[in-house]
Amino acid sequence: MTKQDFINLGGKEWSNHGKERVYINKAIYEKHFFPGAAIIEEWNKIYYDCEKNALIRQYRNKKPKIEIQY
């Protein structure tokens, strides 16, 4: 998948200091990537990292974890 694919799903584009990401919410995460996942949106940041070409989830400000590598 590409940056534009995540935007088309409803993700919000973000860039800062040379980093580009597309943040997605729990509904997009569960519908398109992990059906049945029980995550608490307030505790998780879910985004597509353009540089790493990966879907990443960060739980409670701990080290981000790659969920899917494209």
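Biologist: What makes strand 3 and strand 4 a pair, and in which sense do they run?

Modeller: In this predicted model, strand 3 and strand 4 (residues 54-59) are joined by six bridges in the antiparallel sense. A pair needs at least two bridges, so six bridges satisfy the rule. Within this pairing, Y47 faces I56 in strand 4. Four residues lie between the strands of this hairpin, and N53 there has a positive phi near 55°.

Biologist: How do you know that strand 2 pairs with strand 3?

Modeller: The same test applies: strand 2 (residues 19-24) and strand 3 share four antiparallel bridges, and the rule asks for at least two, so they count as paired. R21 is placed opposite D49 of strand 3.

Biologist: Why is strand 3 described as largely enclosed?

Modeller: Because five of its six residues are buried, strand 3 is largely enclosed by the rest of the structure. Take Y47: its relative accessibility is 2%, and buried means under 20%, so Y47 is called buried.

Biologist: Why is the ring pair of Y23 and Y47 called tilted?

Modeller: Let me start with a neighbouring case. W14 and Y23 have ring centres 6.3 Å apart and planes at 85°; the pairing limit is 6.5 Å and edge-to-face means over 60 degrees, so the pair is edge-to-face. For Y23 and Y47, the centres are 5.2 Å apart and the planes stand at 50°, so that pair is tilted: an angle of 50° is neither under 30 nor over 60 degrees. Y23 is in strand 2 and Y47 in strand 3, 24 residues apart, and their pair links distant parts of the chain.

Biologist: What makes Y23 partly exposed?

Modeller: The relative accessible area of Y23 is 25%, and partly exposed covers the range between 20% and 50%, so the label fits. W14, at 31%, is partly exposed too.

Biologist: How do you know that R21 lies over the face of Y47?

Modeller: R21 is 4.3 Å from the ring centre of Y47, and the distance limit is 6 Å. R60 offers another case, with its charged end over the ring of W43, 3.7 Å from the centre.

Biologist: What makes E13 and K3 a salt bridge?

Modeller: Their closest N and O atoms are 2.6 Å apart, and the limit is 4 Å, so the contact qualifies. E13 sits in strand 1 (residues 12-16) and K3 in helix 1 (residues 3-8), 10 residues apart. E13, at 52%, is exposed, since exposed means over 50%, whereas K3 is partly exposed at 22%.

Biologist: Which residues are joined with K3 in one network?

Modeller: K3 also meets E20 in a salt bridge, at 2.5 Å from N to O. K3 lies in helix 1 and E20 in strand 2, so this pair ties together parts that are 17 residues apart in sequence. The salt bridge of E67 and R57 has its closest N and O atoms 3.6 Å apart, and it links strand 5 (residues 65-69) to strand 4. As for the network, shared partners join K3, E13 and E20.

Biologist: What qualifies I40 for a nonpolar patch with W43 and Y59?

Modeller: I40 has a relative accessible area of 38%, and a patch residue needs over 30%, so I40 passes that test. The patch made by I40, W43 and Y59 is about 260 Å².

How values were computed. Residues are numbered from 1 along each chain as its sequence is written. This is a predicted model: local features need pLDDT of at least 70, side-chain atom pairs count only at pLDDT 80 or more; totals for chains, interfaces and linings use all residues. Side-chain values use heavy atoms; hydrogens and water are left out. Patches are made of residues with over 30% relative accessible area and no salt bridge: like charges are joined within 9 Å, nonpolar side chains (Val, Leu, Ile, Met, Phe, Trp, Tyr) within 5 Å. Accessible areas come from the Shrake-Rupley method with a 1.4 Å probe; for residues, only the protein chains shown count as cover. A salt bridge is a side-chain nitrogen of Lys or Arg within 4 Å of a carboxyl oxygen of Asp or Glu. Buried means under 20% relative accessible area, exposed over 50%, partly exposed in between (1.4 Å probe, protein chains only). Helices (H or I, at least four residues) and strands (E, at least two) are DSSP runs, numbered from the N terminus. Rings of Phe, Tyr and Trp (its six-membered ring) pair if their centres lie within 6.5 Å; planes under 30 degrees apart count as stacked, over 60 as edge-to-face and the rest as tilted. A charge sits over a ring if NZ of Lys or CZ of Arg is within 6 Å of the ring centre and within 35 degrees of the ring normal.
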